[in-house]
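Q: I would like to learn how to read a model of this kind step by step. Could we begin with the overall picture and then turn to packing and side-chain pairs?

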Amino acid sequence: MPRDDNQPRPDIPPGTLHMLILKTLAFGGPLHGYAIAQRISLLSSDELSVEEGSLYPALHKLLLKGWVKATPAVSETGRQVREYRLTPAGRKQLDAERANYQRVSRA
């Protein structure tokens with residue numbers, strides 16, 4: 001069901017942003033930051049939105065932890081961007097976060 005644009009869009013639930021980014025990269029392949037935010041919005045039928053002020057610090061943390069890596073790329077519009085991709089360690093972390101999320105959801 002389409003959202004009413006007069007209603008505020010909800011933030012990402014606390015503790016799930018890293019999992020959503022990892023999951024997006026696992027199934028969407030390498031993406032730049034804006035494309036990650038767009039994909040999360042699309043896959044959630046516009047129920048979830050990721051603001052730049054949350055996305056880029058989260059991506060930086062994922063880079064520091066070694067769960068994603070970034071390489072220079074050119075976007076569809078010809079802009080220089082950083083393209084993020086999941087690492088094997090990131091795939092393991094995604095599996096762990098999924099299991100924890102499911103455990104907490106069942107409780």
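Q: What percentage of the residues in the protein is buried?

A: This is a predicted model, and within it buried residues make up 35% of the 107 residues in the protein. A residue is called buried when its relative accessible area is under 20%.

Q: Which secondary structure elements does the protein have, and in what order do they run from the N terminus?

A: The protein has four helices and three strands, and from the N terminus on these elements follow the order α-β-α-α-β-β-α. As for how far along the chain the contacts reach, 55% of those between residues at least 6 apart in sequence join residues at least 24 apart.

Q: At what angle do helix 1 and helix 2 pack?

A: The angle between two helices is read from their axes, and angles of 65 to 115 degrees count as roughly perpendicular. Helix 1 (residues 17–28) and helix 2 (residues 33–43) pack at about 95°, with their axes 10 Å apart, which means that helix 1 is roughly perpendicular to helix 2.

Q: Which residues of helix 1 meet helix 2?

A: On the side of helix 1 they are Leu20, Ile21, Thr24, Leu25 and Gly28, and these meet Ile36, Arg39 and Ile40 in helix 2. Sorted by class, this contact of helix 1 with helix 2 has five nonpolar residues, two polar and one charged.

Q: Which residues have the most contacts inside the largest nonpolar core?

A: A nonpolar core is read as a set of buried nonpolar residues joined through their side chains. The largest one here has 23 residues, and those with the most contacts inside it are Ile21, Leu22, Leu25, Ile36 and Leu55. Helix 1, helix 2, helix 3 (52–65) and strand 3 (80–86) each supply at least two residues of this core, and helix 1 gives the most, with seven residues. To follow a single residue, leave aside the neighbours of Ile21 within four places in sequence: Ile21 is then in contact with Ile36, Ile40, Leu55, Ala58, Leu59 and Leu62.

Q: Which residues of helix 2 are buried, and against which elements do they pack?

A: The buried residues of helix 2 are Gly33, Ala35, Ile36, Ala37, Ile40 and Ser41, and they pack against helix 1, strand 1 (31–32), helix 3 and strand 3. Just beyond, helix 2 is followed by Ser45, whose phi is positive, near 55°.

Q: How many salt bridges are there, and which residues form them?

A: A salt bridge calls for a side-chain nitrogen of Lys or Arg within 4 Å of a carboxyl oxygen of Asp or Glu, and by this rule the count comes to two. In one of them Glu83 pairs with Arg85, the closest N and O atoms being 3.2 Å apart; Glu83 is partly exposed, with a relative accessible area of 23%, and Arg85 is partly exposed as well, at 28%. The side chains of Asp95 and Arg98 meet in another, at 3.7 Å from N to O.

Q: Where do Asp95 and Arg98 lie, and how far apart are they in sequence?

A: An α-helix has 3.6 residues a turn, so residues three or four places apart point the same way. Asp95 and Arg98 both lie in helix 4 (residues 88–106), three residues apart, about one turn of the helix. Asp95 counts as partly exposed at 44% relative accessibility, and Arg98 is also partly exposed, with a relative accessible area of 25%.

Methods: Residues are numbered from 1 along each chain as its sequence is written. This is a predicted model: local features need pLDDT of at least 70, side-chain atom pairs count only at pLDDT 80 or more; totals for chains, interfaces and linings use all residues. Side-chain values use heavy atoms; hydrogens and water are left out. Axes are lines fitted to C-alpha atoms, for helices over the stretch in contact, and angles run from 0 to 180 degrees between N-to-C directions. Angles under 35 degrees count as roughly parallel, over 145 as roughly antiparallel, 65 to 115 as roughly perpendicular and the rest as oblique. Contact means heavy atoms within 4.5 Å. Ala, Val, Leu, Ile, Met, Phe, Trp, Tyr, Cys and Pro count as nonpolar, Asp, Glu, Lys and Arg as charged, and the others, Gly among them, as polar. Buried means under 20% relative accessible area, exposed over 50%, partly exposed in between (1.4 Å probe, protein chains only). A nonpolar core is a set of buried Ala, Val, Leu, Ile, Met, Phe, Trp, Tyr and Cys residues joined through side-chain atoms within 4.5 Å.
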